[in-house]
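Colleague: Please take one part of this model and walk me through it closely. Keep the sentences short, and explain your terms as you go.

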Amino acid sequence: MSSAFLTKTHYLTGLQCSKRLWMSIHQPESAAEIDSGQQAIIDQGTEVGRAARKLFSGGVLVDNPPDEFSSALARTQALIADPSIPALFEAAFEHGGVRIRVDILERLGPGRFAMREVKSSTSVKDEHLRDMAIQLWVLRGCGLDVSSVALVHVDNDYVLDAPEIEWARFFESADRTREVEALLEAIPGEVRGLRDLLAQTSVPDVEPGSHCKNPYACEFWKHCTADKPPEWFAAQQRARAELRAHRFEAARSGEPWVSGSLAVTLEPAEPPVWYLDFEALASAMPIFRGTHPYEALPFQWSLHRLGSRGEVEHREFLARGDVDPSEEVAESLLAELSRDEAPIVVYSSFEARMLATMALRTPNRKRELDAVRGRLVDLLPMIRSSVYFAEFRGSLSIKSVGPTLAPHVRYDDLGDVAEGVGAAAAFVRIATGAVSGAEEERLRGALLEYCKRDTLALMEVHRALRGLVGLA
Ligand code: SF4
């Protein structure tokens, strides 16, 4: 057996995939680097975790860093022994070869405690129960009387109605003591199994599959699928049997599949035509009055226009960020799109959802926004039902389809805003005043460039599709 300690993250990783756990310890250099979108999600979780501490006034943070676990243990014991401390944040415990840091340990009375795990999600998920169970197992193994276990999560119904967030209303506490206790029995065996696994000298043989994205997207996906042939990726996609067969054949032979019906489905999008892309924020902590956690608020749009003689125009808008951007985004967009009634090409249902959201937030413009929504032509379902190239490698996202159909449109030269979540995070930094001056200008420039690239890619993909069926 390995003498290495398991952390809570190791335990949860190992439950998802034994290979992922083994690789994370023995071959971490094979993991994909964290991109700006993933970093933004991690940062948001950290921020929500810090905010939840405000619910437990007088609580004390065990601020010893992760690599000084022994000193964190000692500090925790000293605080536990002091009955005047009502709560501990990041308290450290170790039992049965497992080390944990507990988000919030609340003192209920003499010798009695409650465990509070904080998540930035809006509900309790199965993986959260596992997360709390390993912690409860360690706490009780250390002899602590923990009689209550709850997940403190974001309440999606909360609406910001004051200058500052009211944390007691922003968070909801869901008691899950009984469900978590029911998971305790299996833990000693699971921990033994995972520690034995880590002692192995060779990587476990696990085939990638649906478990690689559930409950968390695995950072070793690229590594594990590097030697898979194109038809393997085609087979991973959920699709009707007949579509699967076309895709499989295209992937196997390397010959693109283009359905005979593509020309008909492209008919509603004959130039002149617009190409629209929104960027929207969906911040856990609402920034603007009248909005709730994770409310999707478009703050930016880009439009390309392809004329009937092939002429190209570009228009763009980026909100200031000092007020709810809904109105200025709606007004600026309508000013452009009311020039004509040409179809508006989009990729996915996201733009339709954003227009519906904007109509709710700017009721005086609802009629015009609904009319814009009625002009949308979505390329994604057309591609899904009519086109497949081996190079898609199983993904129909614009970032996969674009480089194949329009290889001259690149994303790899963009700076620190190169995908949607990163764009939202950049705008939040502007809107909350975290950046100003030259740094704000730089971020604004990066946002405009990124959104413009998306509509350019969309226009070029549309052109390529028309070219496939002899329309361009
Ligand atoms: S990609 Fe899948 S199979 Fe590979 S380590 Fe990750 S979860 Fe396991």
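Modeller: Start with the ligand and its shell. Helix H2 (18-26) and helix H9 (221-225) each supply at least two residues of that shell. Helices here are DSSP runs of H or I with at least four residues, strands are E runs of at least two, and both are numbered from the N terminus. The model is predicted: local features need pLDDT of at least 70, side-chain atom pairs count only at pLDDT 80 or more, and totals for chains, interfaces and linings use all residues. Residue numbers start from 1 along each chain as its sequence is written.

H2 gives the largest share of the shell, three residues. Around the ligand sit Cys17, Lys19, Arg20, Met23, Val206, Pro208, His211, Cys212, Cys218, Phe220, Trp221 and Cys224. A residue is near the ligand if its C-beta atom, placed from the backbone, lies within 6 Å of it. By class, the shell has nine nonpolar residues, one polar and two charged. Nonpolar means Ala, Val, Leu, Ile, Met, Phe, Trp, Tyr, Cys and Pro; charged means Asp, Glu, Lys and Arg; the others, Gly among them, are polar.

Now look at the neighbours of H2. Helix H1 (residues 8-16) crosses H2 at roughly 140 degrees, and their axes come within 5 Å. Axes are lines fitted to C-alpha atoms, for helices over the stretch in contact, and angles run from 0 to 180 degrees between N-to-C directions. H1 and H2 are therefore oblique to each other. Under 35 degrees is roughly parallel, over 145 roughly antiparallel, 65 to 115 roughly perpendicular, and the rest oblique. H1 brings His10, Thr13, Gly14 and Gln16 to the contact, and H2 brings Ser18, Arg20, Leu21 and Ser24. Contact means C-beta atoms, placed from the backbone, within 7 Å. The classes in the contact of H1 with H2 are one nonpolar, six polar and one charged. Arg20 of H2 takes part in this contact, and Arg20 is also one of the residues around the ligand.

H2 packs on H8 as well. Their angle is about 50 degrees, with the axes 10 Å apart. That makes H2 oblique to H8. The crossing of H2 and H8 is right-handed: the near helix is turned clockwise from the far one by less than a right angle, whereas anticlockwise would be left-handed. From H2 come Ser18, Leu21, Trp22 and Ile25; from H8 come Leu194, Leu197 and Leu198. This contact of H2 with H8 counts six nonpolar residues, one polar and no charged. Ser18 and Leu21 of H2 serve here, and Ser18 and Leu21 also belong to the contact with H1.

Next, follow the chain from H8 towards H9. Pro215 lies in the loop between helix H8 (187-199) and H9. The peptide bond from Asn214 to Pro215 is cis, with omega near 5 degrees. After that loop, H9 leads back to the ligand, with Trp221 and Cys224 in the shell.

There is another cis bond to check. Omega is near 10 degrees for the peptide bond from Pro271 to Pro272, which is cis. Pro272 is in the loop between helix H12 (262-266) and strand S9 (273-281).

To sum up, H2 supplies three residues of the ligand shell, contacts H1 through residues that include Arg20, and contacts H8 through residues that include Trp22.

Methods
Two residues are in contact if their C-beta atoms, placed from the backbone, lie within 7 Å.
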